[in-house]
Amino acid sequence: LHETDQRFGRHPVGECDSVASEPGKKALRLRLLKGVRMHGELFRNCIAERDWDTLIAVFAASHCAGHIYWHDMDPAHPRHAPGNRYQIADTIEEVYRAIDREVGAMIEAAGPGVQVYAVSAHGMGPLYHASWNLPDMLDYWGYGTESNHAHRAEELREGSINFWRILRMLVPGRLQYATFAALPRRLQHELVFRFYRGNRSW
């Protein structure tokens with residue numbers, strides 16, 4: 001990572017979801033497009049560096065663009081502002097086009113006879129639920145052994161260490177899957193729940 005930073009510079013986007021204002025989103029658009037170009041340069045450098053059996057390269061900009069700019073593009077979205085005052089309504093399309101250009105340049109750099117497998121992990125669309133608030137709501141209503149009626153939304157609560165996530169990071173993946181598959185279905189569900197919620201149970 002240090003060598004990459006030295007040769008190509010730090011990635012310009014930073015924390016994608018921290019940008020909220022429209023002027024900030026216009027500046028982020030430029031950083032996203034610059035980041036795509038930097039990723040393409042880095043990946044082409046990797047391609048030229050050695051003969052690979054397999055090289056996996058990921059462009060993250062499309063995910064960030066979907067989070068931040070979807071309602072600028074989608075007239076049916078409740079937060080859509082007509083008029084395109086800051087010229088950002090086509091940001092998602094422009095980010096996709098930039099990635100497409102870089103992928104094309106990477107394929108060309110790889111040369112003939114190289115098999116290419118391009119994957120888009122999932123689609124994008126508007127999200128109207130807020131299910132991530134459910135744990136706090138259940139706590140507030142007094143469910144579970146560790147809930148506290150006295151909690152209020154404005155109170156600052158400290159995070160705790162999730163033993164199950166740490167365990168998952170330490171145990172080799174192959175052993176995790178073998179152990180998981182050998183367990184009864186009820187215990188499989190319990191492990192998944194504890195991975196996401198730690199020791200809190202409602």
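This is the transcript of a short presentation on the fold, core, salt bridges and largest pocket of one protein model.

Good morning, colleagues. The structure under discussion is a predicted model. I shall begin with the overall architecture and then proceed to the interior, the charged pairs, the loop between α3 and α4, and the pocket.

The protein has eight helices and zero strands. Read from the N terminus, the order of elements is therefore α-α-α-α-α-α-α-α, as runs of helix and strand are numbered from that end. The chain comprises 202 residues, of which 23% count as buried. As for contacts between residues at least 6 apart in sequence, 66% of them join residues at least 24 apart.

Let me turn to the interior. The largest nonpolar core contains 25 residues, and the members that touch the most other members are L28, L32, C64, Y69 and V95. Which elements give two or more residues to this core? They are α2, spanning 22-49, α3, spanning 61-73, and α4, spanning 91-110. Of the elements, α2 gives the most, with eight residues.

L28 may serve as an example from this core. Setting aside residues up to four places away in sequence, L28 touches V13, C16, V19, C64, I68 and Y69. Two of these partners, C64 and Y69, were named a moment ago among the core members that touch the most others.

I come now to the salt bridges. A search of the whole structure finds eight, and I shall discuss three of them.

The first pair on my list is R7 and E49, whose side chains meet with an N to O distance of 3.8 Å. R7 belongs to helix α1, residues 2-8, and E49 to helix α2, so that distant parts of the chain, 42 residues apart, are linked, the helices being numbered from the N terminus. R7 counts as partly exposed, at 45% relative accessibility, and E49 is likewise in the partly exposed class, at 40%. This pair does not stand alone: E3, R7, E49 and R50 are linked in a network of salt bridges.

The next pair is R29 and D90, with side chains meeting at 2.7 Å, N to O. Here R29 lies in helix α2 and D90 in the loop between α3 and α4, and the pair links parts of the chain 61 residues apart. Is R29 buried or exposed? R29 counts as buried because its relative accessibility is 14%, and the limit for that class is under 20%. D90, in contrast, is partly exposed, with a relative accessible area of 32%. Leaving aside neighbours within four places in sequence, R29 is in contact with Y69, Q87, I88, D90, T91 and E94. This charged residue of α2 thus has Y69, a member of the largest nonpolar core, among its contacts.

The remaining pair is R44 and E102, whose side chains meet at 2.6 Å, N to O. R44 lies in helix α2 and E102 in helix α4, so the salt bridge ties together parts that are 58 residues apart in sequence. R44 counts as partly exposed, at 27% relative accessibility, whereas E102 is buried, with a relative accessible area of 11%.

The loop between α3 and α4 merits a remark on backbone geometry. Most residues other than glycine have a negative phi. N84 is not a glycine, yet its phi is positive, at about 50°. N84 lies in the loop between α3 and α4 and is partly exposed, with a relative accessible area of 27%. Q87 is found in that loop as well, and its phi is also positive, near 55°. Q87 has already appeared as one of the contacts of R29.

Finally, the pocket. How much space lies in the largest pocket? The volume is about 1,300 Å³. The lining consists of 32 residues, and those closest to the centre of the pocket are A57, V103, Y117, A118 and V119. By class, the lining has 21 nonpolar, seven polar and four charged residues. Both α3 and α4 supply at least two residues of the lining, and the largest share, seven residues, comes from α4.

To close, I return to the helices. α2 gives the most residues to the largest nonpolar core, and α4 supplies the largest share of the lining of the largest pocket. The R44 and E102 salt bridge ties α2 and α4 to one another. Thank you for your attention.

Notes. Residues are numbered from 1 along each chain as its sequence is written. This is a predicted model: local features need pLDDT of at least 70, side-chain atom pairs count only at pLDDT 80 or more; totals for chains, interfaces and linings use all residues. Side-chain values use heavy atoms; hydrogens and water are left out. A nonpolar core is a set of buried Ala, Val, Leu, Ile, Met, Phe, Trp, Tyr and Cys residues joined through side-chain atoms within 4.5 Å. Buried means under 20% relative accessible area, exposed over 50%, partly exposed in between (1.4 Å probe, protein chains only). Helices (H or I, at least four residues) and strands (E, at least two) are DSSP runs, numbered from the N terminus. Contact means heavy atoms within 4.5 Å. On a 1 Å grid over the protein atoms alone, a cavity is a set of points where a 1.4 Å probe fits but cannot get out, and a pocket is an open set with protein on both sides within 12 Å along at least five of seven lines; lining residues have an atom within 4 Å of a point. Grid points are joined across faces, edges and corners, and a volume is the space filled by probe spheres set on the points. Ala, Val, Leu, Ile, Met, Phe, Trp, Tyr, Cys and Pro count as nonpolar, Asp, Glu, Lys and Arg as charged, and the others, Gly among them, as polar. A salt bridge is a side-chain nitrogen of Lys or Arg within 4 Å of a carboxyl oxygen of Asp or Glu.
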